[in-house]
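Please open the structure in the viewer and keep the sequence beside it. The tour proceeds by selecting one place after another.

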Amino acid sequence: MMNLDNLWIGCGRTTSDIKTNSSGKVGFVNLACDSNMKTQDGNKITNFVPLKYLGEKKVNFMQQYVPKGTKIRVSGEFSVESYTDKDGNKKQSTFILVDETKFCESKGSHAAAGSNANGPKPDSFTSIPDGVEEEIPFK
């Protein structure tokens, strides 16, 4: 059971294919998440959130189904690890220890989105055509 006092949920695109350790049981990837904040000159701010996957099953899933650029939603706990580097300096590493990964778009749509100039833009809604509202059983 996940600790709800330390629950992080985010949605974004993977910045690379997952990188693994030599055993293949630990994986790392960054998630590019757009912020609601903007710079003073109006540009959007993107946060790059480090994700850590533990377990061969989770790592294999990411290797098989989540290439660079895939839009996913992850939930997990914010974690800080302390370690000593090879020069004897104490360091800290922060990341999200991922518990669950879900897709935010259909397979291949991030690659096809740029080639569909006349279709809906990614992350947008399609308008309901005139006259169809009467046929919709819910509103």
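Select Cys11 first; this residue belongs to strand E1, which covers residues 8-14. Helices (H or I, at least four residues) and strands (E, at least two) are DSSP runs, numbered from the N terminus. The model is a predicted one, in which local features need pLDDT of at least 70 and side-chain atom pairs count only at pLDDT 80 or more, while totals for chains, interfaces and linings use all residues. Residues are numbered from 1 along each chain as its sequence is written, and side-chain values use heavy atoms, with hydrogens and water left out.

Is Cys11 buried or exposed? Cys11 is partly exposed, because its relative accessible area is 34%; buried means under 20%, exposed over 50%, and partly exposed in between (1.4 Å probe, protein chains only). Now display the neighbours of Cys11: Leu31, Ala32, Cys33, Lys71, Ile72, Arg73 and Cys104 touch this residue, not counting residues up to four places away in sequence. Contact here means heavy atoms within 4.5 Å. Next, add Ser75, which is 64 residues from Cys11 in sequence and 9.0 Å away in space, C-alpha to C-alpha.

Move to the segment before E1, where Leu7 lies. Leu7 counts as partly exposed because its relative accessibility is 36%.

Continue with the strand pairs; two strands pair if DSSP finds at least two bridges between them. E1 and E3 run antiparallel and are joined by two bridges. Select Arg13 to find its bridge partner in E3, Ala32. Strand E2 (residues 19-20) is also joined to E3 by two bridges, again antiparallel, and Lys19 stands opposite Phe28 in E3. The hairpin of E2 and E3 has five residues between the strands, and Gly24 in the turn has a positive phi of about 80 degrees.

How many bridges pair E3 with E4? There are 10, in the antiparallel sense. Select Val29 and its bridge partner in E4, Leu51. In the hairpin of E3 and E4, Gly42 takes a positive phi near 90 degrees.

Finally, turn to the largest nonpolar core, which has 14 residues; Leu51, Tyr53, Met62, Ile72 and Val74 have the most contacts inside it. The elements giving two or more residues to this core are strands E3 (26-38), E4 (44-54), E5 (71-84) and E6 (90-103), and helix H1 (56-65). Such a core is a set of buried Ala, Val, Leu, Ile, Met, Phe, Trp, Tyr and Cys residues joined through side-chain atoms within 4.5 Å. Select Tyr53 last: among the residues that it touches are Ile18, Val29, Met62, Ile72, Val74 and Val98.
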